[in-house]
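Morning, everyone, and thanks for coming. I'd like to walk you through one model, so have the sequence and the structure up as I talk.

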Amino acid sequence: MADRSLSRKLFENARQVIPGGVNSPVRAFRNVEGEPFFVSRARGCRIWDVDGNELIDYVGTWGPAILGHAPAVVLEAIHQAAKAGVSFGIPNPHEVEMARLICDWVPSVEKVRMVNSGTEATMTAIRLARGFTGRDKIVKFDGCYHGHVDSLLVAAGSGALTHGKPDSAGVPAAFADETLVLPFNDPEAVEKIFAEAGEEIAAIILEPIPANAGLIFPKEGYLQFLRDITAKHGALLIFDEVMTGFRVAKGGVQELTGVTPDLTALGKVIGGGLPVGAFGGRADIMDHLAPDGPVYQAGTLSGNPLALAAGLAQLREMEKQDGWERLNRVGSAFEQGTMAALEKTGKNFTFHRVGSMFCLFFTPEKIESVTDVKCADFAAFRRFFWAALEAGVYFAPSQYEAGFISLAHTEEDIARTAEVVEKALGAS
Ligand SMILES: *Cc1c(COP(=O)(O)O)cnc(C)c1O
């Protein structure tokens, strides 16, 4: 067994002064019935814990590290920006460059505002949709996670699911009442709700490829169906591309599928590892934001020069390296390794991948919604997780999380991972 005594000690201390010992619940490793390790350093596709154990990382700080950890271009950009000052609270040139890039890359975005997290992005997109339409109700889908926004913490994915509490205490019932939750991939349920309450619905918000309940694909034509039905009823369509934006393609799922939402929430990859979010969309809608319009939104650190310099450096480097094409090839090699390991160990499990995102479901069943994911063999997942960790590969500590491959994962890393996956599947 790997020595994790320093991590154990830190966690003991952490629990005395931080609720649950962590600053975000899924980090507590509850779903794998263990304790987290503490990281001292991360570089490329590797992380090192405080006890000196080296791991190949497939979490990538939950998505942002698309070039790998601490890439030279991002470090240099942060360094240069910091020399000029770390925060101004007055417009700076990085903001214009970032806004221009987002508008150029993300098909539906004509204007964009920067915030500091994905949660802020979805929260404000919802407020804007309500302010623009003059309606209150929001439709969301079971298993889609949109950050810890009050009215969106209803039947949310990963962290909330992992803890077996799909709803949070502290959310007024009146807020949750304005949120209509439907099963994903079920057009009839959407038709029914619009027939009943179409006039009251401000927006549908969804992860166009849900990645907080494993990794679920929309059925053929489903996104276009949502586009059409919202347009028909005067409701907005909001894509939460916090996870998929700049990850599955330069322009996110909307580029891959050609379906364009009215508003888009962004985060994760956009900040190069620093706290950044953004939301944008049709100019006529975005112009409803203060100071031009009546929908209020603000942020002391929004458009922070350090964070935007880091994000811009990461995105430009992805473009320069033709990163999405390359990631697709690495992802394909990863998939082949995983499929071979499944075959060798005789495990008939469902594997999903889009580009550099993947999920291995510990069930042979078809996965089309979070209800299907709930049928997975969680005990087997747990044994797999710990066996892989022991052998030097870190996958996300929950069956409800997707995995992330970065440009820093080499052929050797992928080959080594396939060996570990085979061994860990054998132990599952
Ligand atoms: C991570 C995530 C969020 C929340 O972003 P934070 O930066 O953690 O607030 C929202 N939506 C989706 C789809 C996410 O994956």
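Let me begin with the second largest pocket, whose lining residues divide into 15 nonpolar, 9 polar and 7 charged. For those classes, Ala, Val, Leu, Ile, Met, Phe, Trp, Tyr, Cys and Pro count as nonpolar, Asp, Glu, Lys and Arg as charged, and the others, Gly among them, as polar.

Before going further, some ground rules. This is a predicted model, where local features need pLDDT of at least 70, side-chain atom pairs count only at pLDDT 80 or more, and totals for chains, interfaces and linings use all residues. Residues are numbered from 1 along each chain as its sequence is written, and side-chain values use heavy atoms, with hydrogens and water left out. As for pLDDT, that is the predictor's confidence in each residue, from 0 to 100. The protein averages 95, and 97% of the residues score at least 70. One stretch to treat separately is residues 162-166, where pLDDT stays under 50 and the model has 12 contacts beyond four places in sequence; a contact here means heavy atoms within 4.5 Å.

Back to our pocket. The volume of the second largest pocket is about 740 Å³. It has 31 lining residues, and E95, A99, V112, R113 and M114 are the closest to its centre. Helix α3 (93-105) and strand β4 (111-115) each supply at least two residues of that lining, and α3 gives the largest share, 5 residues. In case you wonder how those spaces were found: on a 1 Å grid over the protein atoms alone, a cavity is a set of points where a 1.4 Å probe fits but cannot get out, while a pocket is an open set with protein on both sides within 12 Å along at least five of seven lines; lining residues have an atom within 4 Å of a point. Grid points are joined across faces, edges and corners, and a volume is the space filled by probe spheres set on the points. The helices (H or I, at least four residues) and strands (E, at least two) are DSSP runs, numbered from the N terminus.

Now for the strands. Three of them form an open antiparallel sheet in the order β11-β12-β14, with β11 and β14 as the edges, each pairing on one side only. Two strands pair if DSSP finds at least two bridges between them. Between β11 (residues 350-354) and β12 there are 5 bridges, and the two run antiparallel. You can pick out T350 with its bridge partner F361, and R353 with F358. The β11 and β12 hairpin has 2 residues between the strands, and G355 takes a positive phi near 55 degrees there. On the other side, β12 pairs with β14 (residues 403-404) over 2 bridges, again in the antiparallel sense, and M357 stands opposite F404.

So how many residues of β12 are buried? In this strand, residues 357-361, 5 of 5 are buried, and buried means under 20% relative accessible area, with exposed over 50% and partly exposed in between (1.4 Å probe, protein chains only). M357, C359 and F361 point one way, and F358 and L360 the other. In a regular strand the side chains alternate between the two faces of the sheet.

That same strand takes us to the cavities. The count is 3 cavities of 30 Å³ or more. About 170 Å³ of space lies in the largest cavity. It has 17 lining residues, with F358, C359, L360, F384 and F395 nearest its centre. Strand β12 gives the largest share of that lining, 3 residues, while α12 (323-345) and α14 (378-390) each supply at least two. By class, the lining has 12 nonpolar, 4 polar and 1 charged residues.

The second largest cavity holds about 50 Å³ of space. Its lining includes F404, the residue we met in β14, along with D57, H69, R247 and H409. Here the classes come to 4 nonpolar, 6 polar and 2 charged.

One last residue, T122 in helix α4 (residues 118-133). Is T122 buried or exposed? T122 is buried, because its relative accessible area is 0%. Leaving aside residues up to four places away in sequence, T122 touches H146, V149, L152, I205, D240 and A265.

That's my tour, so over to you for discussion.
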